Amino acid sequence: MSGNMGMEQLIPIVNKLQDAFTQLGVHMQLDLPQIAVVGGQSAGKSSVLENFVGRDFLPRGSGIVTRRPLILQLINGPVEYGEFLHKKGEKFTSFDQIRKEIEEDTERITGENKGISNLPINLRVHSPNVLNLTLIDLPGLTKVAIGDQPADIESQIRSMIMTYICKDSCLILAVTPANSDLANSDALQLSKDADPDGVRTIGVITKLDLMDEGTDARDVLENKTLPLRRGYVGVVNRSQKDIEGRKDIKAALSAERKFFLSHPSYRHLAERCGTPYLQRVLNQQLTNHIRETLPSLRDKLQKQLLSMEKEVEQYKNYRPDDPAIKTKAMLQMIQQLQNDFERAIEGSGSAAISTNELSGGAKINRLFHERFPYEIVRMEFDEKELRRDIAFAIRNIHGIRVGLFTPDMAFDAIVKTQIGRLKEPSLKCVDLCVAELTNVVRTTALKMSRYPRLQEETERIITTHIREREQLCKENILLMNDCELAYMNTNHEDFIGFA
């Protein structure tokens with residue numbers, strides 16, 4: 001074990017908190033200290049984690065293999081086994097079985113179509129070969145959607161990674177292969193966005209043995225290129241051939257040690273490179289990090305406990321006929337309706353999202369960007385008809401005189417007719433929006449159906465307000481139309497004849 005024994009015990013306590021949140025299925029409101037592993041696809045994240053455990057247990061293959069966050073809790077103990085939070089009490093002594101369970105549980109949630117999910121898998125590994133450590137293995141960043149993956153797979157993975165690494169309590173383990181340019185590293189780009197000062201980032205350089213002859217990563221490992229506050233650690237993982245040939249991880253670790261001791265560029269850094277050193281550094285950093293964030297975490301927990309105790313106290317003397325409680329319940333329902341209405345319009349996704357038709361904000365969006373332009377295009381004129389109208393307008397304005405120039409009045413008369421025709425589609429658009437808003441109000445008020453009078457009155461008040469606004473909106477549209485009719489600005493640069 002490394003570091004202070006008392007502080008070591010903090011890591012399992014934080015693990016228990018993490019498990020409690022995952023099991024309850026509630027959003028984790030406490031930012032627990034943790035280490036998130038990020039990197040591009042095939043950067044060697046899985047190999048680094050397997051080397052920590054000393055066993056092959058992670059799914060491998062081409063494309064996105066890690067499709068859900070894996071919370072890996074390493075616990076030092078005399079017996080070697082793994083257990084999953086979703087299979088409590090079942091001990092997996094075969095690491096092949098652990099891999100199979102990760103694959104099956106991933107497919108259970110995401111299906112077989114290479115999609116991703118935010119729901120984490122919690123795996124706890126007890127072993128005499130590990131140091132107490134909690135790591136979150138996140139999907140590798142991909143650039144191109146493969147097969148039936150959604151087209152925005154890159155932004156989906158990016159936003160998932162960001163939800164973890166943007167928290168101040170999260171250390172970032174940025175894994176970058178040495179045989180690609182450091183400036184193009186996905187891991188360092190992500191960590192720079194989340195941690196611009198590089199205070200929480202620990203760099204890991206993999207594939208040092210695959211670099212072109214005559215090149216090395218010495219400057220990177222000495223923290224001279226793109227420096228990080230916590231520095232870089234170099235590791236050498238097993239090759240794909242070694243993995244397929246089931247090369248023992250212990251043999252791989254001794255080969256790694258030999259590589260650093262014999263390589264002229266890394267010989268002087270050998271004691272600060274390699275997987276065992278990285279494991280010790282992470283254990284130490286996580287322990288120190290927990291110690292630093294503990295006071296604020298305890299403060300947050302105490303505040304939450306106090307507010308919950310207050311709430312419990314209220315229910316001890318609960319009387320259903322108490323008017324204060326009735327008022328509170330009513331306000332809570334109205335607040336809920338407000339939130340649901342906002343989500344339906346803003347589109348931040350609710351649990352009961354429709355997959356069959358557009359509704360709420362999405363439908364209003366379509367009305368403005370598809371339906372309204374279509375209505376405008378539909379009212380386009382027949383050119384022959386327009387030419388005839390113009391000819392008659394010119395002749396009527398000239399009267400008995402024979403005109404030499406096209407009179408402005410004829411232009412005004414024709415243009416005013418066209419502008420006037422814009423009124424109808426504009427007012428129709430307002431009507432359609434109002435209909436959809438009324439529909440959203442009716443749907444969101446369904447949660448009040450236990451109290452029909454309250455539901456009816458709430459719907460009435462909101463709908464009346466919408467109708468008032470509708471009237472005002474229509475008046476503004478008509479005023480706007482009148483403004484356009486009142487003055488023809490032929491001096492505007494959008495005007496075709498503008499000089």
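**Figure 1. Arginine 200 and the backbone oxygen of alanine 194.** In this predicted model, the arginine 200 side chain comes to 2.9 Å from the backbone oxygen of alanine 194. A second backbone oxygen, that of cysteine 170, is reached by the arginine 200 side chain at 2.7 Å. Arginine 200 sits in a loop. Helix H6 (186-194) and strand E7 (201-206) flank that loop.

**Figure 2. A buried arginine without a salt bridge.** Arginine 200 is buried, yet forms no salt bridge. Which side chain of opposite charge is nearest? Aspartate 195 is, at 4.2 Å. A salt bridge needs a distance within 4 Å, so this pair does not count as one.

**Figure 3. Surroundings of arginine 200.** Leaving aside residues up to four places away in sequence, arginine 200 touches Ile165, Cys166, Lys167, Asp168, Cys170, Leu171 and Ile172. Ala194, Asp195 and Arg230 are also among its contacts.

**Figure 4. Asparagine 481 in helix H16.** Helix H16 spans residues 452-486 and holds asparagine 481. Is asparagine 481 buried or exposed? Its relative accessible area is 8%, so asparagine 481 counts as buried. Beyond residues up to four places away in sequence, asparagine 481 touches Ile419, Gly420, Leu422 and Lys423.

**Figure 5. The chain around these close-ups.** The protein chain has 16 helices and eight strands. Of its 499 residues, 41% count as buried. The chain exposes about 29,600 Å². Carbon and sulfur atoms supply 54% of that area. Among contacts with a separation of 6 or more, 74% join residues 24 or more positions apart.

How values were computed:
Residues are numbered from 1 along each chain as its sequence is written. This is a predicted model: local features need pLDDT of at least 70, side-chain atom pairs count only at pLDDT 80 or more; totals for chains, interfaces and linings use all residues. Side-chain values use heavy atoms; hydrogens and water are left out. Helices (H or I, at least four residues) and strands (E, at least two) are DSSP runs, numbered from the N terminus. Buried means under 20% relative accessible area, exposed over 50%, partly exposed in between (1.4 Å probe, protein chains only). Lys and Arg count as positive and Asp and Glu as negative; His and the chain ends are not counted. A polar contact is a pair of N or O atoms within 3.5 Å; within protein, one must be able to donate a hydrogen and the other to accept it, and residues adjacent in sequence count only if both atoms are side-chain atoms. Contact means heavy atoms within 4.5 Å. Accessible areas come from the Shrake-Rupley method with a 1.4 Å probe; for residues, only the protein chains shown count as cover.
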